[in-house]
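Let's take a walk through this fold, one helix pair at a time, and finish at a pocket.

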Amino acid sequence: MKKTVIITGAAGGIGRATCLQFAEAGYQVVASDIQITELEKLAQDLKSMQAGFLISEGNLEDPDYWQRLIADTLSRFGSIDVLVNNAAWRVSGSARTQTLETWERTLRVCLTAPVFLTQQAAAVMEKQGKGGVVVNISSMMAARPSGLVPGYIAAKGAIESLTKELAVTYGRQGIRVVGVAPGYIETPLSNDYTDQSGENISQKLIDHLVDFVPANRGGKPEEIAQAIVWLSSDGAGYISGTTLLVDGGFTPNFNAYSIKHLQYPEEF
């Protein structure tokens, strides 16, 4: 029997790539997002792959939608084997300008929805009695904050702690809970940074980030998707309660390569 995966934030970037990778691996894919137009484009790709799939439009701020997503998945495919909590939302701005509204929305999408989707999906997995996997998508920014997205940083730091907590909670029922923390990945979410005049400064930020990356490039959504699919497989069966950092070596690097070059031009 084919396995079924639910993926939130499925319409673009990492989520879209993850849907396609799971479909290629033979999974039945439930793709959840708030962007119906992009979901319909994804549906065409999944259809061309002859994959079993369901697209689900909904807002993860709405608790009723969490229940509907689980119920619709069971109605269509009869089981849940993997849940990928990928959806994210954030606005740029420091703690000085953070509003209660944007703070609460960020946490609701990036943290609260994953908590309760996991609760509901894990309850199904326990009843099925064959284990399962939950993958929480964090960020390298949980360990390397920028000072510019406090709600997002708080949510991603919390999701890594939650990954450990839930791995302990559900482990004896054969349910693994793991995390993936991407570094700079080439997605639309990485290209919406503007200065105070409204000018897009994303490329300047990207150039600065890549200057720190030993791999000398940004990551591809497909590379994160491959990590997610592998962590969900039997090949990763002894991995739980930890978050895999996939950042090209950025996080452990102390200074930019342009600075290294100034100090040691013949070595860097």
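Is the crossing in which α3 passes α4 left-handed or right-handed? It is a right-handed crossing, where right-handed means the near helix is turned clockwise from the far one by less than a right angle, and left-handed means anticlockwise. Before going further, note that this is a predicted model, where local features need pLDDT of at least 70 and side-chain atom pairs count only at pLDDT 80 or more, while totals for chains, interfaces and linings use all residues. Residues are numbered from 1 along each chain as its sequence is written, and side-chain values use heavy atoms, with hydrogens and water left out.

Helices here are DSSP runs (H or I, at least four residues), numbered from the N terminus. Back to our pair: helix α3 covers residues 63-77 and helix α4 residues 100-128, and their axes come within 10 Å and cross at roughly 35°. Axes are lines fitted to C-alpha atoms over the stretch in contact, and angles run from 0 to 180 degrees between N-to-C directions. Contact itself means heavy atoms within 4.5 Å. On the α3 side, the residues that meet α4 include W66, L69 and I70, and among their partners in α4 are F116, L117 and V124. The residues of this contact divide into ten nonpolar, three polar and one charged. For that split, Ala, Val, Leu, Ile, Met, Phe, Trp, Tyr, Cys and Pro count as nonpolar, Asp, Glu, Lys and Arg as charged, and the others, Gly among them, as polar.

Now stay with α4 and look at helix α5 (residues 150-170): the two axes come within 8 Å and cross at roughly 15°. That makes α4 roughly parallel to α5, a label for angles under 35 degrees. This crossing is right-handed. The contact sorts into 16 nonpolar residues, four polar and one charged.

Next, find helix α1 (residues 13-24) and helix α7 (residues 221-231), which pack at about 50° with their axes 8 Å apart. That makes α1 oblique to α7, oblique being whatever is left after under 35 degrees, over 145 and 65 to 115 are taken out. I14, A17 and F22 are among the α1 residues in this contact, and α7 brings residues including I224, I228 and V229.

Last stop: the second largest pocket, with a volume of about 180 Å³. A pocket is an open set of points on a 1 Å grid where a 1.4 Å probe fits, with protein on both sides within 12 Å along at least five of seven lines; lining residues have an atom within 4 Å of a point. The volume is the space filled by probe spheres set on the points. Of its 14 lining residues, K3, K130, G132, V133 and D234 are the closest to its centre.

Definitions and conventions. Helices (H or I, at least four residues) and strands (E, at least two) are DSSP runs, numbered from the N terminus.
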